[in-house]
Every structure is written in structure tokens, then in C-alpha cells.
Amino acid sequence: MVDAAGFQLEDVTVRFGTVRALDTVSLDIAPGSAVGLVGPSGGGKTTLLKALNGSQPPTSGRVRVAGRALGEVSRGELRGLRSHIGFIHQGLDLVPNLRVAHNVIAGRLGQMGFARSLGAFLFPSRAVLREVHGLLERVGIEDKLFERTDRLSGGEQQRVALARALFQRPTALIADEPVASVDPARARDTVELLARISREEGLTLCMSLHNLDLARGFLPRLVGLRAGRVVFDRATRSIDDATFDALYALGARNGRAEDAATELREPPPIGEARLDGG
Ligand SMILES: Nc1ncnc2c1ncn2[C@@H]1O[C@H](COP(=O)(O)OP(=O)(O)OP(=O)(O)O)[C@@H](O)[C@H]1O
Ligand SMILES: [Mg+2]
């Protein structure tokens, strides 16, 4: 068990030009808890996850990790905090022509000086390889230790990304759409695995997911994000279908579920729909 890190966002806004990817978002994620992020494309999920690990600094507002305000710590401390947050990216971010073992070992590079990292990476000790093997066993692909990563299936590569995050000895796991590119059965396995390992290790887990059934099946709390705003933040079992429908409804522009629901009930006459934009 590790000391899990908690996260707080206080009135966090992230602007890209005129786009508010996040708009005064406040969120409290307790150490060791599990949260799912849901909502339509462009809603701000990736931006929020990046804000949590400090890779996307807010335009305004404050982010705390393990009680430390990211904007106020030294670069060294920021690097230390980040190196213990396992981040599984939307595109997994593995190096395709490296062997699985090396992709996993890469997880700890942020925690060592350059020379030591390079040595550990090029010539991993037996102890390190044993540890990597143990992690691969944990995620169910121990036979792939020396396989080239690009020869693995999409689902197996997801497991490599998870093993790499675990090799960081993380205080929290952040996963951005970790099951975007695999079949439904494997997607279910992976989300189940992420939720179970986080629970067993006492890690904080925050994961974005487009698959609502999986989000509802494995995450006890869901945050709905739309147009950069939190539309709901509730215990999963208390969220009904209408709330989800409103979150994903097409056509709503201002990011409020209530308005989205209204637009759903009152579609514009078909004759008025314009495709040419003119
Ligand atoms: N680096 C960037 N530069 C400019 N705009 C950006 C950048 N990153 C995100 N955005 C914009 O911010 C908004 C939120 O993007 P974000 O990637 O957080 O959405 P998302 O919920 O993760 O979407 P998806 O479900 O498609 O992954 C979008 O309008 C996006 O175009
Ligand atoms: Mg995204």
C-alpha cells in the first residue's frame, strides 16, 4: 500500500485562445477514491486529467495534489509529484519498436537523474526485470516480457501502459480513455483491472470513459463534463438515464444539462436545418 494522493481543483479555468476547455471547475478527489469522467467529445476531460498531474497549468484557479498547490511548489517538487502519478494517455504513448520490458521500465525515468535512468533503461538489473515480470503477471501478459511492443494486440498494449504506470510506484492512476481502441469484452476486462488494482493497492483513480456502461459498472462516482463545466458530480447509482442523455445531447451549446434536455424535447423543424452554414 502507498500513501495515495488526493486532488483538489479550485475554480480552475483553462483557456486556449477563445475556447474555455475548463470553466471554473471545482472538484475534490479524496485519496484512494475512484472517479470516472464522462461527457461528449471536446467537453474538457483530457484537459482536466492533464490539469490533475500538472501537465496542463490552469489559466486561473488552483490545483492541489497531496495538499500541495502545483503553482506554488519548486520545479523539483513538481517533478517529484508528477513522477508518482501514473498517467495512461488516450493514445497509450508506448514506443512501438521497443520491447515490452523497456516500455515498462520507462515509467520510472522521471524519478532518476539522466545517467542513472539511461543505465537502468539500457541494462536493467535482474531485480528490475523480476519486478517488471511481476507487474506483467499482475496485468496478465507475463509471457510478453521481451516481445516487441508493436507486435502486441491493442488490449495487450493497454496492459503494458498499465504496467508502466504501476512501475512508477504511483500514488494515483489517471487514465484517459484507456479502452478507446479495443473490442467490448477486452474493454471491460481492462476497466475492471484498472479499478481492481487501484482498489487493492489503495491508489486514487481518475479515468475518462466514453463507454457509459463501463463507467457505471466499475466507478462509484461520476463527474459529467460538458463544454468545460461540471454538469453533475454524483454517486453513480444515483444518476438516471435522463441525466446521461442530457449530458450527451447534441445541439446544446452552453454546457448545462437542463438546457440540453430542453433542446432534446423541442427539436427544430427539419425545414430549418441548414447544412451549408449560410
Ligand atoms: N492544446 C490545445 N490547443 C487548443 N485547443 C485545445 C487544446 N487542447 C484542447 N483544446 C480544446 O479544448 C476543448 C476540450 O478538449 P479536451 O481534449 O479536453 O476534450 P475531451 O473531453 O477530452 O474530448 P474527447 O472526448 O474527444 O477526447 C476542445 O474544444 C479542444 O478543441
Ligand atoms: Mg480527450
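Select helix α1 to begin, because among the elements, where helices (H or I, at least four residues) and strands (E, at least two) are DSSP runs numbered from the N terminus, α1 gives the most to the shell around ligand 1, with 3 residues. What you have open is a predicted model, in which local features need pLDDT of at least 70, side-chain atom pairs count only at pLDDT 80 or more, and totals for chains, interfaces and linings use all residues. Residues are numbered from 1 along each chain as its sequence is written, while chains are lettered from A and ligands numbered from 1 in the order in which they are written.

Next, select the residues that surround ligand 1, which are Phe16, Val19, Ala21, Ser41, Gly42, Gly43, Gly44, Lys45, Thr46 and Thr47; a residue is near a molecule if its C-beta atom, placed from the backbone, lies within 6 Å of it. Two or more residues of this shell come from each of β2 and α1 (45-52). By class, the shell holds 3 nonpolar, 6 polar and 1 charged residues, where Ala, Val, Leu, Ile, Met, Phe, Trp, Tyr, Cys and Pro count as nonpolar, Asp, Glu, Lys and Arg as charged, and the others, Gly among them, as polar.

Now move to strands β1 (residues 7-16) and β2 (residues 19-29), which run antiparallel and are joined by 7 bridges; two strands pair if DSSP finds at least two bridges between them. Arginine 15 has arginine 20, in β2, as its bridge partner. Between the two strands of this hairpin lie 2 residues, and glycine 17 in the turn has a positive phi of about 60 degrees.

Widen the selection to the open sheet, whose 4 strands follow the order β2-β1-β4-β5 with antiparallel pairing. β2 and β5 (68-69) stand at the edges with a single partner strand each, so one side of each is left without a neighbour in the sheet.

Stay in strand β1 and pick aspartate 11, whose phi is near 50 degrees, a positive value in a residue other than glycine. Is aspartate 11 buried or partly exposed? Aspartate 11 is partly exposed, with 13 other C-beta atoms within 10 Å, since a residue is buried at 20 or more such atoms, exposed at 12 or fewer, and partly exposed in between, with C-beta atoms placed from the backbone.

Finally, colour by pLDDT, the predictor's confidence in each residue, from 0 to 100: the protein averages 86, and 88% of the residues score at least 70. Helix α10 (residues 257-265) has the lowest mean among the elements, 41, and β1 the highest, 98.
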